[in-house]
Amino acid sequence: MIKKKLVLVGNGMAGVRAIEEILNVSEELFEITIFGSEPHPNYNRILLSKVLQGDTKIKDITLNDWEWYEENNITLYTGETVTKINPEMKVVISDNGRVIPYDEVIIATGSVPFMLPLPGADKQGVTAFRDIKDTDVMVEASKKYKKAAVIGGGLLGLEAARGLLNLGMDVSVIHIAPTLMERQLDETAGRLLQKELETQGMKFLLEKSTEEIYGTNRVEGLKFKDGTHLEADLVVMAVGIKPNIELAKESGLSVNRGIIVNDFLQTDLPHVYSVGECAEHNGIPYGLVAPLYEQAKVLASHICGQETAPYKGSVLSTQLKVSGVEVFSAGDFTEGEDKKALKIFDEQDGIYKKIVFKGSKIVGAVLFGDSKEGNRLFSMIKKQADISDTEKISILQPIGEEAGASLVASMSADEMICGCNGVSKGAIIQAIQEKGCTSVDAIKACTSASRSCGGCKPLVADVLQLTLGTEFDATVQKEAICECTTLSRDEVVEGIKEKGLTHVREVMNVLGWKTEEGCSKCRPALNYYLGMVHPTEYEDERESRFVNECMHANIQKDGTYSVVPRMYGGVTNSKDLRRIADVVDKYEIPLVKVTGGQRIDLFGVKKSDLPRVWQDLDMPSGYAYGKSLRTVKTCVGEQFCRFGTQDSMGLGIRLEKKFEGLQTPHKVKMAVSACPRSCAESGFKDIGFIGIEGSWEIYVGGNGGTHVRGGDLLYKVKTDQEAMEITGAYLQYYRETANYLERTSAWVDRVGLAHVQEVLDDNNKRKELNARMDDALSVYKDPWKEIIENEKTTKELFETVGMS
Ligand SMILES: Cc1cc2nc3c(=O)[nH]c(=O)nc-3n(C[C@H](O)[C@H](O)[C@H](O)COP(=O)(O)OP(=O)(O)OC[C@H]3O[C@@H](n4cnc5c(N)ncnc54)[C@H](O)[C@@H]3O)c2cc1C
Ligand SMILES: NC(=O)c1ccc[n+]([C@@H]2O[C@H](COP(=O)([O-])OP(=O)(O)OC[C@H]3O[C@@H](n4cnc5c(N)ncnc54)[C@H](O)[C@@H]3O)[C@@H](O)[C@H]2O)c1
Ligand code: SF4
Ligand code: FES
């Protein structure tokens, strides 16, 4: 069979989705060519918000990688824009002069951001937020500049503002209406949202109209129509989008706001379809992916000659992707003559719920503070469910059987579970039955469901429950700490707290361990969790520790040990150096080496010599063996370096003196550099400080080991005191929530930088964390000193044969 030539113009979410749907119907029908103006393969635009907020990396948002195009025999031209479609010749022409013939063509050119035509809008530092390039502009600007202004308090503006806050900028949102997200929320919800975002550090200028963007080459600020102004060195415009209809106009298609299409996504020219944000159906161009994916499905069936139900338009639902804020809106939420609302407002807990009825049907809903009923309400709105026989209030807060009834049970196989990624209930069931997926994470990996806003996770779990029935084991949703138990880390810690457990053996007994002795994985973990929960009362169980921690030195391959004395901030003096030299001579230590953490390591010490070596050194333990603070590396800073403007050694020494000996889930390394040259490699430490313009930038989650990871900017602070306070709260939150043996780099990736910032932004939480940190530090005693002062332990550990 000769394949027909299909050309897709626009390598974005809707167009490529249509191609995927076509390939699902048949791989034999078309020879496919795709043009995309951007230089990337198709990526998930939705996740740009998460990239900016630091929760996802650009490399992880690709939807169809280069191989996908190859495997499907698709010819792809990226970085190339189609400038004209010639319907008489049936060819498309690109800006490179390429002419490609077609039998069918799909226009999926998306939208362009609406840029306010203000004087100065072309200055450096003014950007939209639409694509990878814009995201890069914002990330780069945040490295050099401090003040950001976001024009537009809609979904996009608020997600951008949250991202810029996460990048350490001071962010003001300028909004034209009196309340935020007025297209999705009523006044009450809009005000609650504003209050919540203000506590997160966002500033708002409402009912403000911008008149001019001023500055020389780069933007320096905004002037408003009321005569006031705001300083800004980055301006993000997020005031809506316009369907991208340039190509359609140029090619003679009928356009209104968008390209006019019928119920099968056909334009008024034969063999020319349009899908996505650029298309206008029944007077509506859509701006969310769920309706675009519905369109793509209808288009695919039609173009492949299959019978299909026509596209009849979509009801919309939205959720704001800002962590810590639950906002949901669906359908028509406005009240009026024929539309009456039912509202619940719990002012104390900041929860607001509203549903709007037209006669006996629900037509819209707004939820703030608690959006778990969102999916159910949205489904009722879409189905135009008749609620004349239902107690109205129970729709907002189902009770009894209704509360337990699964929404997914009543959904048909082709209904969407994940709107962001267009995954239907049927596709999830298929992944469970054919690919053996048994957890939400596995479903995510197989189908992409729950990969974007995450709002559909409860529904995905419900489909798993429904499909696997009794086989669906809730325990597979979590990771057990080892094979001795089915309990996860959180359940174990909860069990310790709730039941007041105080010993490793007791935890195993009471929490029903499968083994009597536990294993090498759970024993040290339980020892850590017990110490973390009861910092002042718990007595460390030496036998539950790894050998290095037990011996307070690192065992080497020949059975000898290495000894690293503490050298605060990597700074030493002649007295300490002389003592080290004497010890080296006296105990015939074969190798003395300076470590990467700026310490002196004595290699080849005999086990029996350890206590005397420590005694003669008369220096604290450097903890080079422990799950604890290892080293704080410092650059020389202002004291001697001509670039240094801050006292890096001073801060480093303070940090090391305060946090030495702290028990942490895994080792923790810090570094302090007094200028952006970062001679102490602060960007690759668990916590790194970089001096800049009289402030400290605090980077977290860095790692220079097997899994190299650059640190993320957590905060920028002015004083050493603030730096100490943030460090205390951050480390304590890590101690309290990380899995044992989870480095901060993995932990930050798992819980999300935005989440950590949200916790630390809360003054009370920060204080409480620091208070608990002080408790934990209050019991610290130098272990070397403790051992040499205790004859019994010294004998047991160092004078018995065979223990190593
Ligand atoms: C930061 C951000 C967050 C968002 N979050 C959400 C969300 O949470 N939920 C949601 O539902 N929606 C969200 N959206 C909206 C969603 O991303 C869009 O609705 C969706 O991407 C539109 O898909 P599309 O294919 O129509 O357009 P696009 O994805 O914009 O794709 C169009 C592509 O066509 C290319 N193109 C244009 N003209 C030509 C030409 N002449 N020749 C060749 N190529 C051309 C463009 O460069 C572009 O790559 C978000 C959008 C942004 C920017
Ligand atoms: N979570 C999500 O679903 C999500 C996230 C981001 C973007 N999006 C989509 O991306 C598209 C663009 O988002 P958007 O927020 O830019 O569009 P929008 O139209 O939803 O909101 C724009 C906002 O800017 C305000 N505005 C308009 N002119 C202004 C002016 N001169 N000064 C100040 N404010 C002004 C409007 O009042 C409006 O609230 C939309 O289709 C949106 O649905 C969705
Ligand atoms: S980081 Fe800067 S201040 Fe510190 S030593 Fe290097 S150049 Fe000097
Ligand atoms: S609905 Fe957004 S990720 Fe599924």
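The exercises below concern the surroundings of two ligands in a predicted model.

**Exercise 1.** Find which residues come nearest to ligand 1, and how the shell around ligand 1 divides by class.

Solution. Step one is to list the neighbours: ligand 1 has 31 residues around it, and those that come nearest are Ala-14, Glu-38, Arg-130, Glu-277 and Lys-321. Step two is to sort the shell, which holds twelve nonpolar, 13 polar and six charged residues.

**Exercise 2.** Identify polar contacts of ligand 1 that involve Met-13, Glu-38 and Val-82, using a cut-off of 3.5 Å between N or O atoms.

Solution. Begin with the oxygen atoms of the ligand. The side chain of Glu-38 places an N or O atom 2.7 Å from an oxygen atom of ligand 1. For Met-13, the atom is a backbone N or O, 3.2 Å from an oxygen atom of ligand 1. Then turn to nitrogen: a nitrogen atom of ligand 1 is 2.9 Å from a backbone N or O atom of Val-82.

**Exercise 3.** Determine how much of ligand 1 the protein buries, and which elements give two or more residues to its shell.

Solution. Taken alone, ligand 1 exposes 990 Å², and the protein buries 91% of this area. Two or more shell residues come from each of helix 1 (13-25), strand 2 (30-36) and helix 8 (289-303). Helix 1 gives the most, with three residues.

**Exercise 4.** List the residues around ligand 3 and divide them by class.

Solution. The list consists of Cys-635, Cys-641, Phe-643, Gly-644, Ser-673, Ala-674, Cys-675, Arg-677, Ser-678 and Cys-679. Divided by class, the shell around ligand 3 has six nonpolar, three polar and one charged residues.

Methods: Residues numbered from 1 in each chain as written. Chains lettered and ligands numbered in written order. Predicted model: local features only at pLDDT ≥ 70, side-chain atom pairs only at ≥ 80, totals over all residues. Heavy atoms only, no water. Near = heavy atom within 4 Å. Polar contact = N/O pair within 3.5 Å; in protein donor to acceptor, adjacent residues only side chain to side chain. Areas by Shrake-Rupley, 256 points an atom, 1.4 Å probe, with all protein chains shown as cover. Helix = DSSP H or I, 4+ residues; strand = E, 2+ residues; numbered from the N terminus. Nonpolar A, V, L, I, M, F, W, Y, C, P; charged D, E, K, R; others polar.
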